[in-house]
Amino acid sequence: MDTGRLRVELPAIVRNWRRCAAAHGAPAAAVVKADAYGLGAARVAPALAAAGCRHFFVATPAEGEALRDTLGEGPMIAVLDGFAPGAHPRLTPVLNTPERAAAETAPAILHIDTGMNRLGVPHDAAPETRAPLLFVMTHLAVAEEPAHALNAVQARRFAAAAARFPGVARSFANSSGIFLGAGFRSDLARPGAALYGVNPTPGQPNPMEPVVTLDLPVLQLRRVPAGESVGYGAAWVAGRDSLVATVAGGYADGIPRGWRGPGLAEGLAVPLAGRISMDLMMFDVTDCPRPPEWVRVLGAVDAVAESAGTIGYEVLTRLGRRFARGYGGA
Ligand SMILES: *Cc1c(COP(=O)(O)O)cnc(C)c1O
């Protein structure tokens, strides 16, 4: 029996990366933490490296070591969570505390916290380090809200803190930060989500190309007479004699249980019929010109996320490992 097909367009990721660099007016790194936001770092990162990406960011040392095995020597692989001095000679540590900065002697990135209050040396501390600094970086907390006052506060604090490290390159904007304008420019942008097609400018047209589709096979088509219910909780009742498709995929595969549909089948938007189960979901395909063999449940990541009350980041990173992954343009 077929499983779902998750298709990732590598050339679209590369084009999105170029768009980020063009919009930033400076080189862009690629943030490939959490297995490239669930899409497969082992395929995504080499495609970006082949296109000229020289800087990669991961979250954990294990992610970094795996990525080094994949990419070989050459590109910088920085670990956002950091690691103990000397623990991973092939990787670049991000120094997140004054103590860690003081202990480092190898090339490193100094993370300055300018308002996120999550990781990083406080912006008003004056950390000492003997490490040759490749970059000083900071991370924006509300970049997807251009009017939020904290953006300008963080820009001001970062400028002041980075000035204590003359000649050291700066890394500022994440995906949304790239689109905040000139005050958020730096020597190296750090986009993640935008590479994978998530809209970095919510509320405005998406400047990125879609990257991912998820198609689920129809396991069964059934005639449901008017008045019969479908699925758990009998939450959907056929208002007419209906044709219902049961497809292979559910919340155990990372499809948010709160998603309200619709899917896409035979070129038609098809409503969800009832609740999403662990491994299955049903669609009303009565109006399809032909009985469908597949239903597309993911094309517009942001639309699925919004309907389910979450963000595209979470939808992507939770997509299940049961699906066959296919890569376009590899
Ligand atoms: C995850 C992360 C990024 C990338 O953020 P996006 O919003 O996905 O572009 C950049 N910098 C840091 C420190 C991060 O943790």
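Around the ligand stand 14 residues, of which K33, Y37, S175, A193 and Y313 come nearest. The model in which this arrangement is found is a predicted one. By residue class, the shell around the ligand is made up of seven nonpolar, four polar and three charged residues. The ligand itself sits in the largest pocket.

Polar atoms of the protein approach the ligand from both side chains and backbone. In the side chain of Y37, which is also among the nearest residues, an N or O atom is 2.5 Å from an oxygen atom of the ligand. For R190, a polar side-chain atom lies 3.0 Å from a nitrogen atom of the ligand. At G192 the backbone takes this part, with an N or O atom that lies 2.8 Å from an oxygen atom of the ligand. On its own the ligand has 390 Å² of accessible area, and the protein covers 93% of this.

Strand pairing was examined for β2, β3 and β4. Strand β2 comprises residues 30–31, and strand β3 comprises residues 55–58. These two strands run parallel and are joined by two bridges. One residue pair can be named here, as V31 has F57 of β3 as its bridge partner.

Strand β3 also pairs with strand β4, which spans residues 76–79. This pairing is again in the parallel sense, and four bridges are found between β3 and β4. Within it, I77 of β4 stands opposite F56. Strand β3 is thus paired with β2 and with β4.

Terms used
Residues are numbered from 1 along each chain as its sequence is written. This is a predicted model: local features need pLDDT of at least 70, side-chain atom pairs count only at pLDDT 80 or more; totals for chains, interfaces and linings use all residues. Side-chain values use heavy atoms; hydrogens and water are left out. A residue is near a molecule or strand if one of its heavy atoms lies within 4 Å of it. A polar contact is a pair of N or O atoms within 3.5 Å; within protein, one must be able to donate a hydrogen and the other to accept it, and residues adjacent in sequence count only if both atoms are side-chain atoms. Accessible areas come from the Shrake-Rupley method with a 1.4 Å probe; for residues, only the protein chains shown count as cover. On a 1 Å grid over the protein atoms alone, a cavity is a set of points where a 1.4 Å probe fits but cannot get out, and a pocket is an open set with protein on both sides within 12 Å along at least five of seven lines; lining residues have an atom within 4 Å of a point. A molecule sits in a cavity or pocket if more than half of its atoms lie within 2 Å of its grid points. Ala, Val, Leu, Ile, Met, Phe, Trp, Tyr, Cys and Pro count as nonpolar, Asp, Glu, Lys and Arg as charged, and the others, Gly among them, as polar. Two strands pair if DSSP finds at least two bridges between them.
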